[in-house]
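User: I should like to understand the terms applied to this structure and the grounds on which each one is used. Please set each value against its definition.

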Amino acid sequence: MLDKLKSAEARYDEINMKLSDPSVISDNGLYRELMREQKNLTPLIEKYREYKKCEKSFADAEAALEDSDPELREMAREEYALNKRLKEELSEELKILLLPRDPDDDRNVIVEIRGGAGGEEAALFANSMFRMYSMYAAGRGWKIEVISSNPTELGGYKEVCFSVEGEGAYARLKYESGVHRVQRVPETESQGRIQTSTITVAVLPEVEEVDVDINPADLTIQTYRSSGAGGQHINKTESAIRIIHNPTGVVVECQEERSQFKNKEKALKMLYSKLYEAKLTARDSAIAEERRVQVGTGDRSERIRTYNFPQSRVTDHRIGLTLYKIDSIMNGDCDELFDALRLADQTARLLSQQG
């Protein structure tokens, strides 16, 4: 571990020197790349320097245990115990910081929410979840843009797809893929009976064209008239776009914009992300094994969380976490939940690495 840390610190110092070089500053691409690498290394280097400082204090206290002055020895014993504990804690934190980063963590994301079992109540819950993610994104200063939606008459969504643009969006939201279950009394239920409904969430990293190779000849692009809210524009123009990737059968649609060009642009963005996700899923077995020991499988059929409104309870089944704060979570206060998932993922990966 210490060799890796020394190597990382040397690289960090090298980057800092390069960032003050005029030739690097004038090269926008290289400068941005080095800034990104520096930013990723900073938490590790700061923790490592804290560890080195603690290690020196520990060594000084250890040496002072041999002092002839009993008062100094007593003080040294306290310092020794304190720094020993701190050194162990910092060592564990460094092990986690040294874990390989998910290369997609810095990407923006595309989120799909689809109503599952439960009809209109599932559609209403899909809207509640879209609101939750939107409020969480707003709290972090992220930008949300709807790509496609299929609203219902009662204000729900059969499905809604949107992009989230912001620093660390994928790192925070990637654990949300799967089946979310809600237990509550629907507004339409006169007898006060609790109904169980489900929705499915998929979180895809937003990718560039260079990440996925698509042959234009493999695409079938269809235009059609928009449906849903939108005034007179709906019936007049065929601005909605449907793209079919023939080799895989993946279909994407977008009808949110009045411009056919913009709808096509958004639909292609979604198609690239879906094909990239399929590419990740099909990677070699070593990577697949690593993903299995992480939090959940990312499988859309896996039930990951239950929202029980009568009990004000949110339970994440993957890590056995239950929080009795459903109202604040549904209002976008999700950090406690997301932090716990991230920590569980890091711990699982650390254990698999040691094993």
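User: What share of the contacts in the protein with a separation of 6 or more comes from residues 24 or more positions apart?

Analyst: Such residues account for 63% of those contacts, a contact being heavy atoms within 4.5 Å. This is a predicted model, in which local features need pLDDT of at least 70 and side-chain atom pairs count only at pLDDT 80 or more, while totals for chains, interfaces and linings use all residues. Residues are numbered from 1 along each chain as its sequence is written, and side-chain values use heavy atoms, with hydrogens and water left out.

User: How many helices and strands does the secondary structure come to, and what makes a run a helix or a strand?

Analyst: The protein has eleven helices and eleven strands. Both are DSSP runs numbered from the N terminus: a helix is H or I over at least four residues, and a strand is E over at least two.

User: How do you know that the span of α5 agrees with its 21 residues?

Analyst: The expected span of a helix is 1.5 Å times one less than its number of residues. For the 21 residues of α5 that gives 30 Å, and the end C-alpha atoms are 31 Å apart, so the two agree. Gly141, which follows α5, has a positive phi near 75 degrees. Helix α1 (residues 2-18) reaches 24 Å, close to the 24 Å expected for its 17 residues.

User: Which residues of α1 are buried, and what puts them on the same side of the helix?

Analyst: Leu5, Ala8, Glu9, Tyr12 and Ile15 of α1 are buried, that is, under 20% relative accessible area; exposed means over 50% and partly exposed lies in between (1.4 Å probe, protein chains only). These buried residues cover an arc of only 120 degrees around the axis, which puts them on the same side of α1; the arc is that of the directions from the helix axis to the C-beta atoms. An α-helix has 3.6 residues a turn, so residues three or four places apart point the same way. The buried residues of α1 pack against α3 (28-64) and α4 (70-97), and the face turned away from them carries the exposed residues Asp3, Lys6 and Met17.

User: Why is the pair of Phe125 and Tyr307 called edge-to-face?

Analyst: Rings of Phe, Tyr and Trp (its six-membered ring) pair if their centres lie within 6.5 Å; planes under 30 degrees apart count as stacked, over 60 as edge-to-face and the rest as tilted. By this rule there are six aromatic pairs. The centres of Phe125 and Tyr307 are 5.3 Å apart and the planes stand at 65 degrees, so this pair is edge-to-face. The pair links helix α5 (residues 119-139) with strand β9 (residues 303-308), 182 residues apart, and both Phe125 and Tyr307 are buried.

User: What are the values for the rings of Tyr136 and Phe338?

Analyst: Their centres lie 5.0 Å apart with the planes at 80 degrees, so this pair is edge-to-face. Tyr136 belongs to α5 and Phe338 to helix α11 (residues 335-354), 202 residues apart; both are buried.

User: Which charged end sits over the ring of Phe309?

Analyst: It is that of Arg184, 5.1 Å from the ring centre. The rule asks for NZ of Lys or CZ of Arg within 6 Å of the ring centre and within 35 degrees of the ring normal. Arg107 likewise lies over the face of Tyr276, at 5.1 Å.

User: Why does Met330 count as buried?

Analyst: Met330 has 7% relative accessibility, and therefore counts as buried. This residue lies in helix α10 (residues 326-330). Its C-alpha atom is separated by 5.0 Å from that of Met132, 198 residues away along the chain. Among the residues that Met330 touches are Phe125, Met129, Met132 and Tyr307.

User: Is Glu302 buried or partly exposed?

Analyst: With a relative accessible area of 23%, Glu302 is partly exposed. Glu302 is placed in the loop between α9 (285-292) and β9, its C-alpha 5.2 Å from that of Gly178.

User: How many bridges join strand β7 to β8?

Analyst: Five bridges join strand β7 (residues 240-245) to β8, and the two run antiparallel; strands pair if DSSP finds at least two bridges between them. They form a hairpin with four residues between them, and Gly249 in the turn has a positive phi of about 80 degrees. Ile241 stands opposite Cys254, which belongs to the covered face of β8 with Val250 and Val252, whereas Val251 and Glu253 make up the uncovered one.
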